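Biologist: I should like to learn how to read charged side chains and overall architecture from a model. May we begin with the charged pairs?

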Amino acid sequence: MNSKVIDSFFEAMSSGDLDTVESLFDERAEFVDMGSGQTMNGIEENMKDARNWKNTFSDMKVTALRHVESGNVVVTEMQFEGTNTGEMEMPDGSKLPATGKRVKMQGCQVIEVEDGKMVKGTQYYNPMVMMEQLGLGQ
């Protein structure tokens, strides 16, 4: 079941096991973060994004609320929570200082899996929910 790959990814991100995170990306990995508008291509760019999330929210916990699978595509409703303990790198390269505040939000991912690795994905969430909880929203 391809949803086990997604569960492994969430567990590795939550525990900080970035070696496992990296092993789950295919070299052709192309991921779109609809919240930031960024597209990450290849393992290196996707790992930079993963490290940014983990550095920003060191105690992050990502939980799959449910998966829906069709062929090699897994749609996952997910919950993210964590404390903003590190700088948050923005898409333009600027950095926001840590606030020490907790964030809890939900989102959805659509991931294509081939041979046990994530090949393509899109992540949907509302970044304003996160920014408001951090006290950064207007």
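Modeller: A salt bridge here is a side-chain nitrogen of Lys or Arg within 4 Å of a carboxyl oxygen of Asp or Glu. Please bear in mind that the model is predicted. By that criterion, Asp 26, Arg 28 and Glu 114 are joined in a network of salt bridges.

Biologist: How many salt bridges does a search of the whole structure find?

Modeller: Side chains of opposite charge can pair when their charged atoms come close. The search of the whole structure yields seven salt bridges. One of the pairs is Arg 66 with Glu 77, whose closest N and O atoms are 2.9 Å apart. This pair links distant parts of the chain, since Arg 66 lies in strand E3 (residues 61-70) and Glu 77 in strand E4 (residues 73-83), eleven residues apart. Arg 66 is exposed, with a relative accessible area of 53%, while Glu 77 is partly exposed at 30%.

Biologist: Which parts of the chain does the pair of Glu 81 and Arg 102 tie together?

Modeller: The side chains of Glu 81 and Arg 102 form a salt bridge at 3.5 Å, N to O. Glu 81 belongs to strand E4 and Arg 102 to strand E7 (residues 102-114), so this salt bridge ties together parts 21 residues apart in sequence. Arg 102 is partly exposed, its relative accessible area being 44%.

Biologist: Is Asp 33 buried or exposed, and what is the nearest side chain of opposite charge?

Modeller: Burial is judged by relative accessible area, with under 20% counting as buried. Asp 33, in strand E1 (residues 25-33), is buried but has no salt bridge; Lys 48, the nearest side chain of opposite charge, is 13 Å away. Leaving aside residues up to four places away in sequence, Asp 33 touches Gln 38, Met 40, Trp 53, Gln 123 and Tyr 125.

Biologist: How should I read helix H1, and which of its residues are buried?

Modeller: An α-helix has 3.6 residues a turn, so residues three or four places apart point the same way. In H1, the buried residues are Ser 3, Val 5, Ile 6, Phe 9, Phe 10, Ala 12 and Met 13. At 1.5 Å a residue, the 13 residues of H1 (residues 3-15) should span 18 Å, and the end C-alpha atoms are indeed 18 Å apart. Gly 16 follows H1 and has a positive phi, near 85 degrees.

Biologist: What of the chain as a whole?

Modeller: The chain has four helices and eight strands. For 138 residues, a compact globule would have a radius of gyration near 14 Å, and the chain agrees, at 14 Å. Of these 138 residues, 40% count as buried.

Methods. Residues are numbered from 1 along each chain as its sequence is written. This is a predicted model: local features need pLDDT of at least 70, side-chain atom pairs count only at pLDDT 80 or more; totals for chains, interfaces and linings use all residues. Side-chain values use heavy atoms; hydrogens and water are left out. Helices (H or I, at least four residues) and strands (E, at least two) are DSSP runs, numbered from the N terminus. Buried means under 20% relative accessible area, exposed over 50%, partly exposed in between (1.4 Å probe, protein chains only). Lys and Arg count as positive and Asp and Glu as negative; His and the chain ends are not counted. Contact means heavy atoms within 4.5 Å. The expected span of a helix is 1.5 Å times one less than its number of residues. The radius of gyration is taken over C-alpha atoms; the globule rule is 2.2 Å times the number of residues to the power 0.38.
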